[in-house]
Amino acid sequence: MITFPFAAFIAFVLSFRAPSNVLIAILSSLFHESWHLAAMLAVGNPPESVRLELTGMNIKRMQSVKISIKNEMLIALCGPMANAFAVIICIIALCFYENELILSVACINLILMTFNLLPIKRLDGGMALYFLLSRKFDADLCSHILKITSVFFISLMYLWGIYVFIVSKYNFSVLMIAIFLTASLFGSNEY
């Protein structure tokens, strides 16, 4: 099964026209997902299954294990924290050794982190927002607020995508990401 965030991210990275960036993106995504997995294990929510697929790591959660909202937020934010950690390490490395590969790793991890922190349904930022809201509101209201927030940010992404396409005359990767994210709004109502 191809997950939309990973496919959208690969589409965006392919716009850089450097084959090594695709490999960096895949490894960065696996690093990102492995931190989600580590957080799940740390809070006592072992996965039902973990599969490495062409699209990355697929982690299926056990629905029978209930954990606190705080731990849910931790799990959601650990992936972007992994990418932030990679960016910091790369910046430190660049202080001592200028290298295009290190710069690519930093940029791709920064993009992956930023993308996943958007408060959009199915992204880590959307999940974190949902759990933050669920501390004060019921599930239906949280889902409604998340959907409205998602529509707002996806709309901005469409505008940015149109701008990038007009300026570049060929790069439609941001529009593809917006389409993938739009499709996510019509999935299940689970945050």
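This is a short conversation about how to read the features of a predicted model.

Q: Where should I begin: how many helices and strands does the protein have?
A: Welcome! A good start is to list the elements. The protein has seven helices and two strands. Starting at the N terminus, their order is α-α-β-β-α-α-α-α-α.

Q: What share of the residues is buried?
A: Of the 191 residues in the protein, 43% are buried. You can look at the outside as well: the protein exposes about 10700 Å², and carbon and sulfur atoms supply 72% of that area.

Q: What do the contacts tell me about residues far apart in sequence?
A: Take the contacts between residues at least 6 apart in sequence: 61% of them join residues at least 24 apart. We will meet one such pair, D124 and G79, which are 45 residues apart in sequence.

Q: How do I read a helix such as α3, and what span should it have?
A: The general idea is that an α-helix has 3.6 residues a turn, so residues three or four places apart point the same way. Now the case here. Helix α3 covers residues 69-96. Its 28 residues, at 1.5 Å a residue, should span 40 Å, and the end C-alpha atoms are 41 Å apart, which agrees.

Q: Where does α3 bend?
A: Look at C78, where α3 bends by about 35°. A proline, P80, follows within four residues.

Q: Which residues of α3 are buried?
A: Among them are E72, I75, A76, C78, G79, P80 and C90. Keep A76, G79 and P80 in mind, as they return below.

Q: Which residues form the nonpolar patch on the surface?
A: The patch is formed by F85, I88, I89, I92, F96 and Y97, which together have about 680 Å² of accessible area. One of these residues, I88, sits in α3.

Q: Is H36 buried or exposed, and what is it in contact with?
A: H36 belongs to helix α2, residues 19-42. Its relative accessible area is 7%, so H36 is buried, as the cut-off for that is under 20%. Setting aside neighbours within four places in sequence, H36 is in contact with I59, I75, A76, C78, G79, P80 and D124.

Q: What does D124 touch in turn?
A: D124 lies in helix α5, residues 124-133, and is buried with a relative accessible area of 6%. Not counting residues up to four places away in sequence, D124 touches H32, H36, A76, G79, P80 and N116. The C-alpha atoms of D124 and G79 are 7.6 Å apart in space.

Q: How many salt bridges are there, and what is the idea behind them?
A: Side chains of opposite charge can pair when their charged atoms come close. In this model the count comes to two salt bridges. One joins E48 and K60, with the closest N and O atoms 3.4 Å apart. That pair links distant parts of the chain, E48 being in strand β1 (residues 47-53) and K60 in strand β2 (residues 56-61), twelve residues apart. E48 is partly exposed at 48% relative accessibility, and K60 is partly exposed with a relative accessible area of 43%.

Q: Which side chains meet in the salt bridge of 2.9 Å?
A: Those of E72 and R61, with 2.9 Å from N to O. Because E72 lies in helix α3 and R61 in strand β2, the pair ties together parts that are eleven residues apart in sequence. Both E72 and R61 are buried.

How values were computed. Residues numbered from 1 in each chain as written. Predicted model: local features only at pLDDT ≥ 70, side-chain atom pairs only at ≥ 80, totals over all residues. Heavy atoms only, no water. Patch = residues over 30% accessible without salt bridge, like charges linked within 9 Å, V, L, I, M, F, W, Y side chains within 5 Å. Areas by Shrake-Rupley, 256 points an atom, 1.4 Å probe, with all protein chains shown as cover. Salt bridge = Lys/Arg side-chain N within 4 Å of Asp/Glu carboxyl O. Expected span 1.5 Å × (residues − 1). Bend = angle between axes of the 7 residues up to and from the residue. Buried < 20%, exposed > 50% of the residue type's maximum accessible area, 1.4 Å probe, protein only. Contact = heavy atoms within 4.5 Å.
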